[in-house]
Amino acid sequence: PPPPRGRSGSCLAAPRGSRLRLRLRPLPPASTSLPSATSADAGPTSSGPVPLDGASWPTKFPAREHCSRCGLCETRHVVRVSDACAFLGDGMRRNVDGLEGKVHGRQRELGGMVWEGEGGGVEAAEEARFGVLSRPMELARGKGVDGAQWTGVVTGIAVSMLEVGMVDAVVCIASGSDETDGDNGWSQPEPILARTVEDVLRGRGVKPALAPSLRVLSELDESPEIRRLLFCGVGCAVQAFRAIQGDLNLDEVYVLGTNCADNSPTPEDAREFLRQGIPAATGSDDGAILGYEFAQDFRVHVKKGGGGRASDPSYVRTPYFCLPGEVAEFAIADSCLACFDYTNALADVVVGYMGAPLDPSGQMDKSYQTLTVRNARGEAMVRTALEAGRLEVGLEATGKGGHEKFAMATVASDNLVQKMVGGDTKKEGMPRILGEIMASVMTAVGPKGVSFARYSVDYHVLRNYLHVLDVWGEDAAVKMVPEYCAKIVDKYTETSGQFRELVTSIKMKGRRQSG
């Protein structure tokens, strides 16, 4: 079952007991500024670059089925796609390893990745796995943001920055109108350039489908009064934004990111996931659904409200283990299977929930989330929200319990992975009573807090490495994987015979197909 959210090979995996290292080619020396367009990027005609029509997604977009539809290609910045897209060429390795130092002033410290039995009891989040930290990862809750999916940490920061004039506008993903397909807009992502608090509040709630955040950058060309911008987005969109932000003619840029994994390709796919996977949540009233999350108690939590964004929501919870095995095939976008930036490495501030404890009540709007601050801009963003009374920062985020065995067991049983290697795939999930028992046992004995986040990060890195290896082969897998992910892959290659067997099986399949 999937944890929270997330063709040709040429040689065999290393033999048991040896270590297979991903041989990363060195990146060019870092420059002191973010890249910007050159005159050579001006496009093929004097009329300038022609944005792609979103209606032709994904077949006519450069990354095709692996396009995350970040929106870049739907603007004049399409000319930068080859060096900005997270899924073309060196992809996320080019962006994460190449831009991290330029964005934050330094690279992450790669030497302290935590492993079971090696960390000396380290419980806090480490840079090697979670990215540059200007302070320890902390727990936080939003204040005074009614209708948020969690407590409104992201919304509270964005509103505070706009209210005090720290920014002139906010790029965010709004929910569609309540009338859109009768689902209260939870599954209808709509990118907007928000200029008022009311506009920002439309962005409350997590959107479960791909959304073209960068598409609204075209509005900046017609809005010279906007000099200071806050961009809110997930990892792939943030990477593309960082690659072209020097072209935007802005005085100040801030980036507020979220952790992200396994979005659905379209809103309809997200709704279908609930219809097939959690029919009890849909029933006869799809309109009551406000959102859903794969939570830390190994259950999917579907948040519902009787009338719009109710202040007293109810929840339907289903163990991961009860989900039909085939739902992942249509409910997870191919781009998410090639993503190596769960932790949103290039944002100034990142908000998530995987490293935070779930409130005993099980309610999202009472639970803490994790707050990751990466640089001085991020410190200013958080300080603004604290001074405005819209943010509460609690204790340092910590965790306990080993994560590697759980991550590897999840990879090995994953339907998508089993399909890659020609193994047995599951059509039906566990019976409900067995699934509930399994979820309760896993919650009791499994990793918690930051250790649970390590489990989720490692699972997605390993599964996605196998996907890239299967679809594009070993050379592509090596050049696309950021260095921190390569360290994770190396570790499991060294310590897990099960993982080595999966790698070997995929490479052998590639050799048969190629010759």
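The secondary structure of this protein chain comes to 18 helices and 13 strands, where helices (H or I, at least four residues) and strands (E, at least two) are DSSP runs numbered from the N terminus. I should say early that this is a predicted model, in which local features need pLDDT of at least 70 and side-chain atom pairs count only at pLDDT 80 or more, while totals for chains, interfaces and linings use all residues. Residues are numbered from 1 along each chain as its sequence is written, and side-chain values use heavy atoms, with hydrogens and water left out.

Of the 515 residues in the protein chain, 60% are buried, meaning under 20% relative accessible area with a 1.4 Å probe, protein chains only.

Let me turn to helix α11, residues 376–387, whose 12 residues should span 16 Å at 1.5 Å a residue, and whose end C-alpha atoms are indeed 16 Å apart; the expected span is 1.5 Å times one less than the number of residues. At its N-terminal end Asn375 acts as a cap, with a side-chain oxygen 3.1 Å from the backbone nitrogen of Arg377, and after α11 comes Gly389, with a positive phi near 75°. The buried residues of α11, among them Glu379 and Met381, pack against α4, β4, β5, β9, β10 and β11, contact being heavy atoms within 4.5 Å.

Finally, the cysteines: the count of disulfides is zero, a disulfide being a pair of cysteine sulfur atoms within 2.5 Å. The closest cysteine sulfur to that of Cys232 belongs to Cys172, and at 5.9 Å this is too far for a bond. Cys232 is buried, at 11% relative accessible area, and Cys322 also counts as buried, at 13%.

Terms used. Buried means under 20% relative accessible area, exposed over 50%, partly exposed in between (1.4 Å probe, protein chains only). A polar contact is a pair of N or O atoms within 3.5 Å; within protein, one must be able to donate a hydrogen and the other to accept it, and residues adjacent in sequence count only if both atoms are side-chain atoms.
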